[in-house]
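Student: I've got a model open and I'd like to learn how people justify the words they use for it. Can we go through a few?

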Amino acid sequence: MSMFYSKSNNAFYDSDIHGTNMPNDVKKECDWALTHKQLLIGQGLNQRIIGDANGYPILADHPAPTNDELAERAKWKREQLLSATDYLVVGDYPISAEKLAIVKKYRQLLRDITEQSGFPVVIDWPINPMDE
């Protein structure tokens, strides 16, 4: 068995499985700086496998998320936190008026995170009053 890597497909090929049916840009494992196993271990440690300028597989860090991606993640988290307190604001849940007002304030703070000056990079998440 010989392992090959194709930068154009960002894929590995096994000669026992693929035979010679591989892209033209494949590089044989014995020529790589890292072994197939090392590359997979790196991928398991949250790195990604990419082809270098010469077409050989290397490990690279993932690019930092964009502000749009950070905003989407923050909005998703906000929706999860709001959902976790939905039961507290339905009309038939037994909660005191004082606690209900605190929960409503918390929920409003969650809705307002997009107005924070550091959003989406720096977010001051309010603490769920039911966790205190």
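Student: Which residues are buried in α3?

Tutor: Those are A71, A74, R78 and L82. Buried means under 20% relative accessible area, exposed over 50%, and partly exposed in between, using a 1.4 Å probe and protein chains only. Before we go on: this is a predicted model, where local features need pLDDT of at least 70 and side-chain atom pairs count only at pLDDT 80 or more, while totals for chains, interfaces and linings use all residues. Residues are numbered from 1 along each chain as its sequence is written, and side-chain values use heavy atoms, with hydrogens and water left out.

Student: How do you know that the buried residues of α3 are on the same side?

Tutor: They cover an arc of only 75° around the axis, so they sit on the same side of α3. The arc is taken from the directions from the helix axis to the C-beta atoms. In general, an α-helix has 3.6 residues a turn, so residues three or four places apart point the same way.

Student: And what does the face turned away from the buried side of α3 carry?

Tutor: It carries the exposed residues E72, R73 and W76.

Student: What makes α3 a helix here, and how does its span fit what is expected?

Tutor: Helices are DSSP runs (H or I, at least four residues), strands are E runs of at least two, and both are numbered from the N terminus. α3 covers residues 67-84, which is 18 residues. The expected span is 1.5 Å times one less than the number of residues. From first C-alpha to last, α3 reaches 26 Å, close to the 26 Å expected.

Student: What do the buried residues of α3 pack against?

Tutor: They pack against α4, with contact meaning heavy atoms within 4.5 Å. In α4 the buried residues are V103, Y106, R107 and L110. These fall within an arc of 95° seen down the axis, so they line one face of α4.

Student: Why is N128 called buried?

Tutor: Its relative accessibility is 13%, and the cut-off is under 20%, so N128 counts as buried. Leaving aside neighbours within four places in sequence, N128 is in contact with T85 and Y106.

Student: Why is N46 called exposed, and what is N10 called?

Tutor: N46 has 58% relative accessibility, which is over 50%, so N46 is exposed. N10 has 41%, in between the two cut-offs, so N10 is partly exposed.
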